[in-house]
Structure formats: C-alpha cells, structure tokens
Amino acid sequence: MTDAQPSRPMPHPIPKPQQNPSPSATPPQPAIDEAAAAEAAAWGRVDNDGNVWLRSSGDDPERIVGQYAAGGTEKDALMIYVRRFLDLKANVSLLESRMRTISPEEAKKSLQTLHQQLVEPAVIGDVASLRERAAALDTRLAQREEEVAKQRAEAKEQALAERTSIVEEAEAICAQDPAKTHWRDSHQKFAQLLERWKYAQRHGARIDRTAEEELWKRFSSARTQFDRHRRQHFSELEAQHKATIAQKEAIIAQAEQLQSSTDWSATSAAYRQLMDEWKRAGRSTKKDDDKLWARFRAAQQVFFDARSAYNASIDEEYAANLAAKLELLEKAEALLPVTDVEQAKEAIRAIGEQWDAIGRVPRADVNRTEGRMRDIERAIRDADQAVWQKSDPEKEKRSSGMAAQLEALIAELEEQIAAAQAAGNTEKVHEFEEALAARKAWLAEVLKD
C-alpha cells in the first residue's frame with residue numbers, strides 16, 4: 001500500500017516544529033536501544049502525504065497512527081511512534097517484573113490501564129506481541145489473586161489463632177487461684193498481652209469484625225475480673241496485715257511487762273511462749289514487721305541482759321565453790337583404784353558430805369564436776385559389789401547396812417529439799433535434787449545385788 005485511503009479517518013496532524021528552535025526549547029531525547037528501535041520501525045511506513053502507517057498484524061488491518069510535519073525525514077517520523085511503542089513495551093515489562101511484588105488490586109488496575117493503552121495505540125511496533133504479553137499477564141494476575149487470597153486466608157487464620165491465644169492466656173491468668181497468684185507478675189503479663197493485642201491489631205492480618213469483637217469482649221472480661229480479684233486480694237491482705245499488727249502489738253505489750261521480772265525460769269518460759277505466738281501471728285508488710293520485731297527484741301533484751309548479769313554475778317560468787325570442789329575431786333580421785341573398799345566408802349561419804357556443804361558451782365562447770373564425782377562413786381560401788389560377790393555370807397548384812405545408810409541420807413536430802421522449797425530457794429532445790437538422784441541410783445544398785 002503506497003497511497004493513503006480517502007475513506008479512512010485521518011488522525012490530527014502533529015504541529016509543525018518551530019523554525020530554528022533554541023536549544024533550550026527542544027527537550028533532550030533519552031537514549032534508546034537501536035536494535036529494538038529498528039525492529040519496531042519495521043512495523044511502520046510513511047506515505048507520500050506524510051501519513052505514518054502501522055502495518056497489519058493478526059486480525060488488525062493496517063491503520064494510520066499519525067502524520068509528520070513537512071521538512072522532517074521519514075525516519076524522524078517513524079521514530080516518534082517507535083519511541084511511543086518502546087515506552088509502552090517498557091510498561092509491559094515493568095508490570096511483568098512487578099506482578100509478584102505488588103498487590104493484586106494494584107496489578108489489576110495497572111493491567112486495565114495497559115489494556116486500554118493497547119486498544120489502538122498510536123505507536124509503531126509489534127503491538128500484537130504486546131497484547132499477547134498483556135493477555136499472559138491476565139492469567140498471571142488470576143494466579144496471583146488466587147495465591148494472595150490463599151495467603152490472606154492463611155494469614156487471617158493465623159491472626160485469629162494469635163488473638164485467640166492471647167485471650168486464652170488472659171483467661172488462664174484470670175482463672176488462677178487468688179491465694180496462689182503472684183499478682184505483680186500476673187499484672188505485668190496482662191499488660192504484655194494487651195500490647196500483643198494492639199500490635200496484632202495494627203500490624204497483623206485483619207480478622208472478621210464479629211470474631212474480633214467477640215474475642216475482645218472475652219479479653220476485656222478476663223482483665224476486668226482479674227483486676228477485681230486483685231483489688232479484693234490486696235484489700236483482704238491489708239485487713240490481715242492490720243490484724244497481725246494489732247496481735248503483735250499485744251505481744252510486745254506483754255513482753256514489755258515481763259522485762260523487769262527476776263523470776264528467771266518462769267519468765268524465760270513466758271518469753272518462749274510469746275515467741276511461739278509471734279510466729280503464729282503471721283507477717284505484715286516488711287517495713288512494719290521490721291519495726292515491730294525490733295520493739296519485741298528490745299523488750300526481751302532488757303530481761304535477758306538482766307538475767308545474764310545475774311548469772312554472771314552468781315558464777316563469780318560460785319567461783320570459790322568450784323575451787324573447793326576441784327580440791328575434793330582430787331582427794332576423791334586419789335581413792336582410785338580402790339584397794340580397801342571400806343576405807344574408800346568411808347572416805348567418799350565424808351567427801352560427799354563436804355561436797356554437798358560447799359554448794360553450787362558456776363553453771364558452765366556443773367556437768368564436768370558432777371560427772372567426775374559420779375564416776376568416782378561408781379568406781380567405788382563397783383569395787384564394793386565385787387567384794388560382796390566374793391563373800392556371800394556377809395553380803396546381805398553389808399547390803400542391809402549400806403542400804404540403811406543410803407535410805408537415811410535420802411530421807412535427809414528430801415527434808416532439805418522441802419525446806420529449800422518452802423524458803424523459795426530454787427538454787428538449793430536444784431542442788432539437793434541432783435544429790436538425791438545420785439543417792440537413789442546408788443541405793444537401787446545396792447538393793448539389786
């Protein structure tokens with residue numbers, strides 16, 4: 001086809017370029033791919049009337065896409081429309097490369113625009129190939145929409161599971177036994193769950209409004225119930241603390257009343273009982289407990305300091321008794337080993353009478369001194385028993401004599417204990433009771449034989 005068809009509608013002619021345009025009036029043309037431009041230019045021609053034609057392709061007949069001004073070359077006329085084709089081709093390539101990175105909605109909108117541009121574009125090039133590529137993009141878009149729909153459904157399901165998990169954790173915290181709940185940690189966990197909910201709401205996939213409202217209602221209900229339990233717990237705890245403080249105040253008052261007592265044994269027992277009551281009273285706040293305990297200890301300390309001072313004075317008083325008893329122990333130990341039982345028995349009786357007459361020794365020395373004396377007495381008894389076993393005819397007679405002596409001594413000690421108790425002398429009572437126990441043990445051994 002060499003001439004334009006008169007019956008075909010003609011496009012508006014392009015304006016003629018200005019004569020001798022200034023360099024600033026002509027925008028610079030971007031560089032193009034010469035091979036691609038040449039390939040596209042093969043799809044066009046220019047007739048003698050200056051019309052630019054796009055050659056037929058597929059079902060599309062040859063058609064005029066524009067004109068070019070007089071004075072220009074045929075190549076210049078074609079390149080205008082070739083550039084437009086290359087731009088359109090670049091748009092197709094760009095959409096192909098972005099299809100998997102942009103949303104289906106954006107891709108669909110861009111593809112609709114591209115289809116509109118490809119209806120009867122005023123370009124020179126292989127338009128049919130661009131339409132085929134655009135049609136292929138329709139298929140890819142459908143696949144992309146299906147993939148994204150699946151991804152969104154999975155994300156929605158995951159978001160629903162995440163929100164449900166948050167709610168279930170909140171409900172689990174709410175369902176804890178108030179008596180075993182760590183309120184500070186649980187309160188912090190609730191705050192963290194709320195932040196997780198807000199983050200999921202802002203950044204996660206959207207879930208159905210009905211489901212979201214139902215889950216939020218459950219979460220809010222759990223948080224409200226937890227706060228109510230928390231307030232109730234601390235209210236009860238405060239009441240308990242007040243009751244504990246009142247009980248410990250009463251214990252302190254009793255301790256302060258006892259602190260000037262000189263009944264050392266009874267008051268010590270009373271303080272032990274007060275300590276047991278203090279432990280049973282429980283705890284209040286650490287600050288209050290520390291203050292109350294300091295007052296209680298101060299009240300006790302007055303008594304215990306006085307008792308320690310008294311015991312120290314008594315120990316000092318009994319120091320001389322200790323020295324005397326240690327001398328007696330040396331005399332008693334000199335009887336061992338026993339060679340003359342009768343002589344040893346007489347000697348130990350005399351020493352025992354002196355021992356009892358001396359009186360008490362410092363408490364720290366009671367066990368060691370009494371223990372040494374008991375060991376000596378036991379050794380003499382064992383020696384005496386051995387003699388009895390060797391002389392049976394005289395055994396009963398000697399046993400009866402020893403038993404009578406011990407019984408008389410026991411009766412005397414019992415009278416001394418009664419007199420000391422009547423006088424309120426607890427120290428003498430203790431001393432006589434220890435001597436009585438030793439004599440009774442000795443008598444039991446004598447009667448057994």
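A pocket, as the term is used here, is an open set of grid points with protein on both sides within 12 Å along at least five of seven lines, and its lining residues have an atom within 4 Å of a point. The model on screen is predicted.

**The whole chain**

Begin with the full protein chain in a cartoon view. It contains 13 helices and three strands. Of its 449 residues, 32% count as buried. The chain exposes about 27700 Å², and carbon and sulfur atoms supply 51% of that area. Among contacts between residues at least 6 apart in sequence, 72% join residues at least 24 apart.

**The second largest pocket**

Select W264, S265, Y310, N311 and T426, which lie nearest the centre of the second largest pocket. The full lining comprises 16 residues, and the pocket has a volume of about 460 Å³. Next, colour helices α7 (264-280), α8 (286-317) and α13 (426-448), each of which supplies at least two residues of this lining. Which of the helices gives the most to the lining? That element is α8, with five residues. Colouring the lining by class will show three nonpolar, six polar and seven charged residues.

Remain on α7 and select A270, which is found in this helix. Is A270 buried or partly exposed? With a relative accessible area of 21%, A270 is partly exposed, because the buried class requires a value under 20%. Add A255 to the selection: this residue is 15 residues from A270 along the chain, and the two C-alpha atoms are separated by 8.7 Å.

**The largest cavity**

Move on to the enclosed spaces. A search of the whole structure finds three cavities of 30 Å³ or more. The largest cavity has a volume of about 220 Å³. To locate it, select K325, W355, E370, E431 and E434, the closest to its centre among the 19 residues that line it. Helices α10 (341-358), α11 and α13 are the elements that give two or more residues to this lining. By class, the lining of the largest cavity divides into six nonpolar, four polar and nine charged residues.

**T369 in helix α11**

Follow α11, which spans residues 363-390, to T369. At 1% relative accessibility, T369 counts as buried. Display its side chain together with the backbone of D365: the T369 side chain reaches the backbone oxygen of D365 at 2.8 Å. Then show L322, L326, L329, W355 and V361, with which T369 is in contact once its neighbours within four places in sequence are left aside. W355 has already appeared on this tour, as one of the residues closest to the centre of the largest cavity.

**The second largest cavity**

Now select W43, L54, R55, S56, S57, D60, P61, R63, G125, D126, V127 and A128, which line the second largest cavity. About 70 Å³ of space lies within this cavity. Its lining has five nonpolar, three polar and four charged residues.

**V148 in helix α4**

For the last stop, select helix α4, residues 127-174, and pick out V148 within it. Is V148 buried or exposed? V148 is buried, with a relative accessible area of 6%. Finally, add P104, which is 44 residues from V148 along the chain; the C-alpha atoms of the two residues are separated by 7.5 Å.

Terms used
Residues are numbered from 1 along each chain as its sequence is written. This is a predicted model: local features need pLDDT of at least 70, side-chain atom pairs count only at pLDDT 80 or more; totals for chains, interfaces and linings use all residues. Side-chain values use heavy atoms; hydrogens and water are left out. Helices (H or I, at least four residues) and strands (E, at least two) are DSSP runs, numbered from the N terminus. Buried means under 20% relative accessible area, exposed over 50%, partly exposed in between (1.4 Å probe, protein chains only). Contact means heavy atoms within 4.5 Å. Accessible areas come from the Shrake-Rupley method with a 1.4 Å probe; for residues, only the protein chains shown count as cover. On a 1 Å grid over the protein atoms alone, a cavity is a set of points where a 1.4 Å probe fits but cannot get out, and a pocket is an open set with protein on both sides within 12 Å along at least five of seven lines; lining residues have an atom within 4 Å of a point. Grid points are joined across faces, edges and corners, and a volume is the space filled by probe spheres set on the points. Ala, Val, Leu, Ile, Met, Phe, Trp, Tyr, Cys and Pro count as nonpolar, Asp, Glu, Lys and Arg as charged, and the others, Gly among them, as polar. A polar contact is a pair of N or O atoms within 3.5 Å; within protein, one must be able to donate a hydrogen and the other to accept it, and residues adjacent in sequence count only if both atoms are side-chain atoms.
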